[in-house]
Amino acid sequence: MTGTVGMRNVADGSEALAVAPALPRVRRRRPPEVVVVARRALRLTKTKIGLGIVVFVVGFAVVGPFVASPPPKSIAGAPFSTASAVNWLGTDALGRSVLSRLLAGGWVILLCGVIAALIGVGVGAALGLMASWRFGLRDEFIMRSLDVILSFPPLILGLLLVSVVGPKLWLIVLAVALWHVPGTGRVVRSVALEVRRRDFVQMAEAIGVPTWRIMGGEILPNITSQVLVEFGLRLTWSIGLIASLSFLGFGRQPPAPDWGYMIYENLVGLSVNPWGVIGPVIMIALLTVGINFITDGIQRSVIGIVRESDAAG
Amino acid sequence: MRERWLHLSPLAWFVVRRLLLGLVTLVVVSMVIFAATELLPGNAAQAILGLTTTPARLHAMELQLHLNQPFYTQYWDWFSGVLSGHLGHSLVDGRPVSSLLSNRIVNSLTLVVLAGAIGTAISIFVGLYSALHRGRWLDEVLGVVTLTLAALPEFVIAIGLVILFATVVFQVLPPVSIVPPGQTALASPRLLILPVVTLILATIPYTIRMLRASAIEVLESDYVAMARLKGVSSRRIVVRHVVPNALPSTVQVIALVLSWLAGGVVLVEYVFNYPGIGQAFVDAVSNRDAPVVQALALILAGFYVVMNLCADLAAVLLSARTRTSLQ
Amino acid sequence: MQLASPSPDIAKGGTSHANLEVSGLRVDLGASGRDIVAEISLTVQAGQALGLVGESGSGKTTVALALLGFARPGARIVDGQVLVAGRDLLTMSPPELRELRGSRVSYVPQDPVSALNPSLRIGEQILEVLEEHDYGGSHAARRERMDAVLSDVKLPGNRAFLRRFPHQLSGGQQQRVGLAMAFACVPKVIVMDEPTTGLDVTTQAHILETVRQLGREYAASTVYVSHDLAVVSEIADHVAVMYAGRIIDMGRAADVLGAPEHPYTLALRQALPELKTRRVVNGIPGVPPLPGHRPAGCGFASRCRFAASECRSEMPPLAELRPGRFVRCVRVNAVRQSDVEPAQLDEPSLRPPSQPGAILALRNVRAGFGDTEILHDINLDLMPGKCLALVGESGSGKTTLAKTIAGMHAERTGSIVFRGAELEADSRKRPVETRRLIQYIFQNPFASLSPRRTIGSIIAQPLKLLTDLSRAELDEHVSRSLERVSLRPELVARYPDELSGGERQRVAIARALAVEPELLLCDEVTSALDVSVQALVLKMLRELQRELGLSLLFTTHNLPVVATIADEVIVLQDGYAVEHGPVSQVLHAPTHPYTRALIADSPHLVVTDEVAAGGGETGGVPHP
């Protein structure tokens with residue numbers, strides 16, 4: 001790294017200890033930061049494990065409905081019968097095959113979680129970016145009113161809305177997404193403000209680069225990694241929240257199979273056939289933990305990149 | 001000097017402003033809650049009298065319940081009632097909401113206080129230990145454990161504990177909390193164990209990671225390096241340098257995490273059938289019991305707002321730099 | 001591996017004993033086997049000061065820390081002896097080492113702010129070092145000692161002051177607290193790592209005087225690490241110059257700096273701007289090798305104009321040319337014969353002025369933030385093709401003035417006329433042509449180049465916006481600007497973090513030049529660079545100015561730089577222009593007391609034995 005040479009007053013003293021690996025001499029354009037971050041993250045064991053788990057669970061949930069036999073809604077035996085050759089995981093409270101219901105009961109939670117996180121983080125990031133630009137009274141007002149949403153514990157918010165409209169899936173997705181907006185907005189706003197203060201952005205503003213171009217070309221590329229980390233965290237929470245609401249009975253309604261609701265309805269027979277509960281519990285656990293491992297890997301890789309570029313100058 | 005009572009220091013002003021903001025937030029929250037529940041299809045009069053009733057009696061009941069008044073009048077009736085302790089009557093059994101709550105509030109508070117206190121103590125020890133032994137085997141293991149716990153939704157942790165300790169694997173603890181009516185949960189402490197442990201496991205991952213990160217940031221800072229160059233002992237470094245500098249962000253996270261308990265308590269009580277306000281809330285939502293929903297949502301959200309307020313104040317007051325720069 | 005001969009004693013014949021003796025010190029990069037510094041041997045007598053000089057990458061901070069037995073994370077002390085009052089630090093156990101640090105040998109860090117705990121009061125932090133070493137045996141004795149050392153470093157000792165937190169002190173006060181902590185236990189050895197970097201010239205002068213005084217009073221051995229030759233010459237009795245992890249030149253300060261015998265020291269002398277003489281400065285092209293990438297022979301060979309083949313094949317030994325004079329070079333004779341003083345400046349511009357009258361005129365300009373006014377009633381004229389320097393310390397408003405002219409700071413009143421037309425306060429409201437003709441260069445070259453863009457894209461950005469050239473013409477302009485600043489055109493595909501600080505600053509200049517401006521606003525553009533790199537950039541700016549007929553507005557706090565680059569100078573104090581005129585006049589015959597104080601406080605290279613007599617005087621401006 002030739003970074004610190006020729007420069008004094010570098011934060012960590014006058015010499016750079018070559019702790020990070022030497023940068024490759026690229027001849028082509030460097031790949032976008034997201035790709036760099038992803039590649040570095042994948043070098044860590046934790047990320048690889050997380051990715052493996054997530055791939056397994058997602059595959060299970062997406063392919064599941066097509067291979068579930070006997071059909072998840074039909075009776076396949078006596079209620080709470082134990083694992084047998086016919087029903088590998090036994091039957092549930094109404095006698096339906098636990099395995100079939102397990103295969104078919106995940107994709108809705110997964111889809112809702114992903115959509116809620118995407119909408120929430122997307123809208124939140126956009127609002128945060130806009131709020132980082134102007135400081136008028138109107139924008140302060142918007143931020144404050146959004147903060148009201150933050151004043152509700154997310155579960156309470158969801159339950160409140162459900163108590164009004166009824167257990168509609170779209171409502172739950174919207175409620176969860178709504179809860180993400182102010183939090184993401186605040187994070188993005190503070191990061192964008194920090195980037196905006198840097199000299200090269202001031203230079204761009206001074207020579208007259210239009211605002212939208214600065215946001216897209218200078219600010220956005222420098223905040224994508226943090227937004228990615230935020231998305232990862234919120235995806236975990238989204239899935240957790242939606243599963244919780246399903247568990248309480250406000251998600252996908254019976255008789256359709258649903259991991260969250262399965263746990264609730266099979267709790268009674270825990271001592272007879274535990275698989276009705278253990279199955280979905282393990283699936284939800286694997287999914288959330290896997291995503292969190294990946295997010296952690298990405299977070300470490302982002303910090304590592306920031307440290308390297310700090311040391312380089 | 002003589003006008004001191006008028007001219008509070010900037011620090012005091014900050015606290016006052018923040019408290020006012022909290023109050024305003026509570027009021028706005030209450031409005032949102034009221035507005036949301038008032039959008040219920042059907043009206044309260046119908047729900048009380050049932051479906052088979054004469055239009056005349058329906059009309060009379062509506063008048064009695066002030067349902068024909070404009071929104072803000074209804075809101076004010078409700079809100080002033082809340083402030084004076086009258087929380088309305090349950091639509092399900094007509095009993096006053098406040099009588100429903102007294103024992104339940106104590107129960108829920110017991111959970112929150114126990115989980116908060118024990119959880120905080122554990123996270124401080126574990127967090128500091130991890131930071132001081134960072135990179136070693138135990139720290140790595142703890143890192144994975146906290147990462148895992150942080151990802152799991154509370155009800156999964158709850159069910160997991162039930163499976164482990166109450167039914168399938170071991171059967172040492174009661175899976176369901178059956179508290180004799182009229183008593184609080186404190187009378188049967190064994191019932192408290194699983195719910196409290198669930199809440200602790202759901203919240204300490206965040207505080208441990210935060211404390212560890214702050215402590216490491218301090219340990220790797222220039223001023224700690226300088227202290228070592230002055231010959232200061234490690235013990236003294238931890239006490240005089242690490243703790244005061246890691247404190248603000250840690251306390252802030254603790255307060256935030258405690259605020260999440262407002263949601264966590266709902267799920268946990270539901271799983272364990274624990275007679276607290278969380279369980280009552282879920283029941284009320286299922287029954288579309290508006291007055292109960294309103295009252296409990298207000299209490300839960302209120303707790304959340306208060307804890308957030310504490311977090312904000314802690315962040316500013318505990319850090320010497322922000323505290324003095326405001327003075 | 002023990003050194004056969006004892007550590008070189010540069011004050012041979014003295015009767016006072018050496019508090020600090022270092023021999024064969026070597027610090028490696030982790031377990032890699034590659035050294036950061038090696039073969040470090042030096043001696044410092046009681047009451048004497050040794051200046052350890054080097055630019056970034058030389059390893060001087062590593063040596064400074066090793067003198068306390070400390071290595072930064074990632075570094076390991078693998079060999080040598082560090083004797084403090086006869087005891088070897090490197091063989092001690094951690095508790096013994098802890099006992100010595102702060103009491104027998106202490107350290108004053110470069111950055112005072114980050115060295116102080118932000119949550120502890122000042123008094124507590126000074127007391128801490130006394131308590132930790134149980135000085136005096138009682139609390140009362142410690143308080144008494146604290147009062148004494150506070151008065152030694154000229155800080156108030158009252159309770160209110162001691163109850164302050166670090167961020168409530170000025171930079172100078174913070175550094176004095178650092179000094180107090182270092183001197184509290186009356187150490188035998190003091191190691192100071194660039195303790196005045198980042199401080200104002202006036203503050204620096206006072207701190208230097210305090211340090212000199214204390215070193216003598218306490219009869220301590222002082223090691224003063226710095227990149228600044230002038231400062232070192234004012235304070236040190238002896239000097240050791242470091243390059244690429246080795247000591248390459250060592251001896252009495254007047255000898256080493258006055259009559260350089262090593263090519264690197266010679267080059268450093270020639271790169272140093274001088275306040276009283278306007279002369280050309282010559283930089284050193286290339287970059288020093290980093291740990292792990294050092295060549296087999298002399299580390300300086302690739303950049304040395306005297307290098308011969310034997311220099312590249314084998315590392316020259318540190319030879320004792322005369323008693324007390326050590327040089328690591330085999331080409332000493334060639335160096336002795338070359339001239340230290342380079343040519344004087346005086347070449348006329350190659351182009352006639354672009355217009356009659358001033359190209360930039362400010363009248364009654366005031367600027368500020370909200371209620372605070374920073375610049376008060378500034379008037380100036382910049383003639384085309386000339387360089388006007390804006391000199392001032394931090395807080396004087398020089399950066400605000402540059403930004404106001406550039407249009408980056410819009411809160412201003414008064415008139416700014418450029419090429420006969422009034423300028424809008426906000427640059428975004430100015431016509432495209434004006435934005436093109438005025439270009440601004442920032443101080444920090446990393447922050448001013450977008451880390452996510454290639455060099456080519458960075459330079460092309462203003463071109464795309466402010467001109468309407470075709471794609472092919474753009475590429476040509478970009479290559480040409482890179483060549484003008486002596487950078488290889490292949491760099492267009494690189495990213496900023498692959499370049500050195502000096503290269504990055506040249507890219508920033510190339511970006512400004514690409515659009516062919518008429519006015520360049522250079523805001524402290526060399527302040528963050530090493531002396532040798534600074535000289536390169538200054539010389540380049542000067543040549544470009546001549547070639548292209550550019551007008552330059554150059555802000556700096558460094559007076560010698562002004563002598564090298566500017567034709568006229570304005571001195572700013574707290575937002576007021578207190579003096580202005582041609583450089584030779586202002587620097588040789590200043591009229592305003594502030595200017596006189598600045599000139600007196602600026603460190604200048606001392607090449608006689610003035611140091612023994614107590615050095616230069618300070619300017620008489622009150623302590624910060």
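Which residue in E20(C) is the bridge partner of C:Leu390? Let's work through this and three more exercises on this predicted model.

**Exercise 1. Find the bridge partner of C:Leu390 in E20(C).**

Start with the two strands: E15 of chain C covers residues 387-391, and E20 of chain C covers residues 551-556. They run parallel to each other and are joined by five bridges. Within that pairing, C:Leu390 is matched with C:Thr555.

**Exercise 2. Place E15 and E20 in their sheet in chain C, and name the edge strands.**

Write out the strand order, E18-E19-E20-E15-E21-E22, which makes an open sheet of six strands with mixed pairing. Next, look for strands that pair on one side only: these are E18 (438-441) and E22 (576-582) of chain C. Finally, add the twist, which averages 15° from one strand to the next.

**Exercise 3. Describe the side of chain C that touches chain B.**

First, count the residues: chain C supplies 25 and chain B supplies 16. Then list the elements of chain C that give two or more residues, namely helices H2 (94-100), H3 (112-115) and H4 (122-132). Of these, H4(C) gives the most, with three residues. Last, sort chain C's side by class: eleven nonpolar, eight polar and six charged residues.

**Exercise 4. Which residues touch the most other members of the largest nonpolar core?**

This core has 349 residues, and the answer is C:Ala180, C:Leu521 and C:Leu553. Helix H10 of chain B (residues 234-272) gives the most to the core, with 18 residues. Now take C:Ala180: leaving out residues up to four places away in sequence, C:Ala180 touches C:Ile126, C:Val149, C:Leu150, C:Val153 and C:Leu155.

Methods: Residues numbered from 1 in each chain as written. Chains lettered and ligands numbered in written order. Predicted model: local features only at pLDDT ≥ 70, side-chain atom pairs only at ≥ 80, totals over all residues. Pairing = 2+ DSSP bridges. Helix = DSSP H or I, 4+ residues; strand = E, 2+ residues; numbered from the N terminus. Axes fitted to C-alpha atoms, helices over the stretch in contact; angles between N-to-C directions. Contact = placed C-beta atoms within 7 Å. Nonpolar A, V, L, I, M, F, W, Y, C, P; charged D, E, K, R; others polar. Core = buried A, V, L, I, M, F, W, Y, C linked by C-beta atoms within 7 Å. Buried ≥ 20, exposed ≤ 12 C-beta atoms within 10 Å, placed from the backbone.
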